[in-house]
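Colleague: I would like to go through the surface and the aromatic contacts of this model. Could you show it to me?

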Amino acid sequence: FDKSSARRAMELFEDARKDPRIELDTTSYNAMLNSLSKSGSRNTLARALFRNAPDRAEALLEEMEAESAKGNKRIRPDVISYTSTISALARSKDRTAPYRAMKILARMEAKAANGDQSVRPNSITYTAAIKCWARSRDKVKAIQAKSLLDWCEEQYRRGNPDA
């Protein structure tokens, strides 16, 4: 993932958002979220371009949630949307990243508990959240990561075969 592809993805997405002839949907948002989740990689050029990739990802996710709440059936966050946002946080060096990831994970679990199975966390989601803790500088990171792994296993035992 290099600087030019990250920049081009953002440019195309922003152009599409401004064009009234283009109707963005969950897939187009997820493509941008995926791009942001990879842009915080160890690649120095990409990281320089997207220092605030986690913030942008969270903003896009919140925009998707708002659109969905307004009844827009084309833009509705799914497990990919949430997982990509958590992955963007996992690649950041922000000290608050694991806590922000846990809030997103809690929203997913609450929505899934209320019947929205399209956002039910899966093993990829839990792995991304565990990576947030593993890469953090928090003193309790090992405890939190292990606790999250235990929770993931509990979810599997309770009937989430994807956990």
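Colleague: Is V140 buried, partly exposed or exposed?

Modeller: This is a predicted model, and in it V140 is partly exposed, because its relative accessible area is 31%, between the cut-offs of 20% and 50%.

Colleague: Where does V140 lie?

Modeller: V140 lies in the loop that runs between α7 (123-135) and α8 (141-157).

Colleague: Which residues make the nonpolar surface patch with V140?

Modeller: Y99 and I143 join V140 there, and the patch covers about 280 Å². Y99 is also partly exposed, because its relative accessibility is 41%.

Colleague: Changing topic: how many aromatic pairs does a search of the whole structure find?

Modeller: The search gives two aromatic pairs. In one, F13 and Y29 meet edge-to-face, with 5.2 Å centre to centre and 85° between the planes.

Colleague: Which helices does that pair link?

Modeller: F13 belongs to helix α1 (residues 3-18) and Y29 to helix α2 (residues 26-39); the two are 16 residues apart.

Colleague: Are F13 and Y29 buried or exposed?

Modeller: Both F13 and Y29 are buried.

Colleague: And what is the geometry of the pair of Y99 and W133?

Modeller: Y99 and W133 are arranged edge-to-face, at 5.0 Å centre to centre with 80° between the planes. Y99 sits in helix α6 (residues 97-113) and W133 in helix α7, so this pair ties together parts 34 residues apart in sequence.

Colleague: Is W133 buried or exposed?

Modeller: W133 is buried, because its relative accessible area is 1%.

Key:
Residues are numbered from 1 along each chain as its sequence is written. This is a predicted model: local features need pLDDT of at least 70, side-chain atom pairs count only at pLDDT 80 or more; totals for chains, interfaces and linings use all residues. Side-chain values use heavy atoms; hydrogens and water are left out. Patches are made of residues with over 30% relative accessible area and no salt bridge: like charges are joined within 9 Å, nonpolar side chains (Val, Leu, Ile, Met, Phe, Trp, Tyr) within 5 Å. Accessible areas come from the Shrake-Rupley method with a 1.4 Å probe; for residues, only the protein chains shown count as cover. A salt bridge is a side-chain nitrogen of Lys or Arg within 4 Å of a carboxyl oxygen of Asp or Glu. Helices (H or I, at least four residues) and strands (E, at least two) are DSSP runs, numbered from the N terminus. Buried means under 20% relative accessible area, exposed over 50%, partly exposed in between (1.4 Å probe, protein chains only). Rings of Phe, Tyr and Trp (its six-membered ring) pair if their centres lie within 6.5 Å; planes under 30 degrees apart count as stacked, over 60 as edge-to-face and the rest as tilted.
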